[in-house]
Each structure stands twice: as C-alpha cells, then as structure tokens.
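Here are my notes on this one, point by point. Have the model open while you read, since I jump between the overall picture and single side chains.

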Amino acid sequence: MENISLGQILAVVSFLGALISAVMALITFFKSFISKVLKPIDTKIEHLEIVASNGRNNIELELIKIILVNFINDIEHGVYKSDIQKKNAYELYDRYQTLGGNSYIHDCWEKLIKEGKI
C-alpha cells in the first residue's frame with residue numbers, strides 16, 4: 001500500500017463535506033418544493049372533510065328529528081314507552097341540541113316534560 005499524504009486526507013474530507021452539504025441542500029429544496037405542491041391539495045382535502053362532516057351532521061340531525069317526532073307523537077297519543085326508551089330519547093334529544101337542532105321539537109319536548117309524560 002502506498003503512503004497516504006495529509007493533502008489526500010484533506011481532499012477526501014473536503015469532498016465528503018461538500019457532498020453532504022449538497023445532499024442536504026437537495027433535501028431542503030425537495031422538501032420545500034413538495035410542500036408547495038402539496039399545500040393546495042391539503043387545503044382541498046381539508047375543505048372536502050369539512051363539507052363531508054357537515055353533510056353527515058345534517059343527515060344525523062334529520063334522522064334524530066324523525067325519531068324524536070315519532071317518539072313525541074307516540075307519547076302525545078298515549079303509547080306506553082319504557083324507561084329505556086325514554087332514556088334513549090333523552091340521549092337523542094341532547095345530541096339533537098348539540099347538532100344545532102332547536103325548533104318545534106324543543107317546544108314539544110318541554111311541553112311533555114311539564115306535563116310529566118317524559
């Protein structure tokens with residue numbers, strides 16, 4: 001084997017330093033480029049998730065409203081409801097209010113509570 005000079009060692013170390021710096025610069029550039037390309041896509045995905053969530057909430061609200069209308073109608077017409085059915089109706093009513101429902105259902109619900117029917 002030949003003798004390795006100090007100049008050769010410095011050249012290899014300099015080359016490796018330059019190579020690592022170049023790789024790091026490329027990684028930084030590609031990260032920046034990819035984030036710029038993906039940002040509009042992320043924004044659109046977030047928008048679609050919000051729209052889908054609102055749609056699910058609206059569907060859930062309407063389904064709960066139908067169930068509560070049927071429950072209230074049954075109570076008003078003297079149909080017996082068990083304790084568990086009443087507890088379920090209370091849970092649904094709470095969820096209905098959480099989703100923003102507060103219409104004639106609220107008035108009918110409060111009336112039945114005052115009358116002691118639920």
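**Notes on the model**

1. Let's start with burial: of the 118 residues in the protein chain, buried ones make up 15%. Keep in mind throughout that this is a predicted model. As for exposed surface, the protein chain shows about 9300 Å², and carbon and sulfur atoms supply 65% of that area.

2. The secondary structure is quickly told. The protein chain has three helices and zero strands, and reading along the sequence gives the pattern α-α-α. With a radius of gyration of 34 Å, well over the 13 Å that the globule rule gives for 118 residues, the protein chain is more spread out than a compact globule. The C-alpha trace tells its own story here, spanning about 105 × 30 × 20 Å along the principal axes.

3. What about contacts over sequence distance? Counting contacts in the protein chain with a separation of 6 or more, 64% are between residues 24 or more positions apart. Several of the side-chain pairs below are worth viewing with that figure in mind.

4. Now to the core. Which residues have the most contacts inside the largest nonpolar core? They are L68, Y96 and W109, in a core of 15 residues. The elements that give two or more residues to this core are α1, which runs over residues 6-76, together with α2 and α3. Of these, α1 gives the most, with six residues.

5. Y96 deserves a closer look. Leaving out residues up to four places away in sequence, Y96 touches L61, I64, K65 and L68, and also G101, N102, S103 and I105. One of those partners, L68, is also listed with Y96 among the residues with the most contacts inside the largest core.

6. On to the aromatic side chains, which I'd zoom in on next. The structure holds six aromatic pairs. Among them is Y90 with W109, an edge-to-face pair with 5.2 Å centre to centre and 85 degrees between the planes. Y90 sits in helix α2 (residues 83-98) and W109 in helix α3 (residues 104-114), so this pair ties together parts that are 19 residues apart in sequence. The two partners are not covered alike: Y90 is partly exposed, with a relative accessible area of 32%, whereas W109 is buried, at 1%.

7. W109 has another ring partner in Y93, and here the geometry is stacked: 4.6 Å centre to centre, with 5 degrees between the planes. Since Y93 lies in helix α2 and W109 in helix α3, the pair ties together parts that are 16 residues apart in sequence. Is Y93 buried or exposed? Its relative accessibility is 4%, so Y93 counts as buried.

8. Taking the rings as a group, F71, Y90, Y93, Y96 and W109 form one aromatic cluster. Two members of that cluster, Y96 and W109, came up already among the residues with the most contacts inside the largest nonpolar core.

9. Finally, the charged pairs. How many salt bridges does a search of the whole structure find? The search finds five. One of them joins E62 and K65, whose closest N and O atoms are 3.6 Å apart. E62 and K65 are three residues apart in helix α1, so about one helical turn separates them. E62 is partly exposed, with a relative accessible area of 39%, and K65 is also one of the residues that Y96 touches.

10. The salt bridge between K111 and E76 has its closest N and O atoms 4.0 Å apart. This pair links distant parts of the chain, with K111 in helix α3 and E76 in helix α1, 35 residues apart. Both ends are partly exposed: K111 has 41% relative accessibility, and E76 has 35%.

11. One last salt bridge to check is E115 with K117, where the closest N and O atoms are 3.3 Å apart. E115 is partly exposed, with a relative accessible area of 41%. K117 is partly exposed as well, at 35%.

Conventions: Residues are numbered from 1 along each chain as its sequence is written. This is a predicted model: local features need pLDDT of at least 70, side-chain atom pairs count only at pLDDT 80 or more; totals for chains, interfaces and linings use all residues. Side-chain values use heavy atoms; hydrogens and water are left out. Rings of Phe, Tyr and Trp (its six-membered ring) pair if their centres lie within 6.5 Å; planes under 30 degrees apart count as stacked, over 60 as edge-to-face and the rest as tilted. Helices (H or I, at least four residues) and strands (E, at least two) are DSSP runs, numbered from the N terminus. Buried means under 20% relative accessible area, exposed over 50%, partly exposed in between (1.4 Å probe, protein chains only). A nonpolar core is a set of buried Ala, Val, Leu, Ile, Met, Phe, Trp, Tyr and Cys residues joined through side-chain atoms within 4.5 Å. Contact means heavy atoms within 4.5 Å. The radius of gyration is taken over C-alpha atoms; the globule rule is 2.2 Å times the number of residues to the power 0.38. Accessible areas come from the Shrake-Rupley method with a 1.4 Å probe; for residues, only the protein chains shown count as cover. A salt bridge is a side-chain nitrogen of Lys or Arg within 4 Å of a carboxyl oxygen of Asp or Glu.
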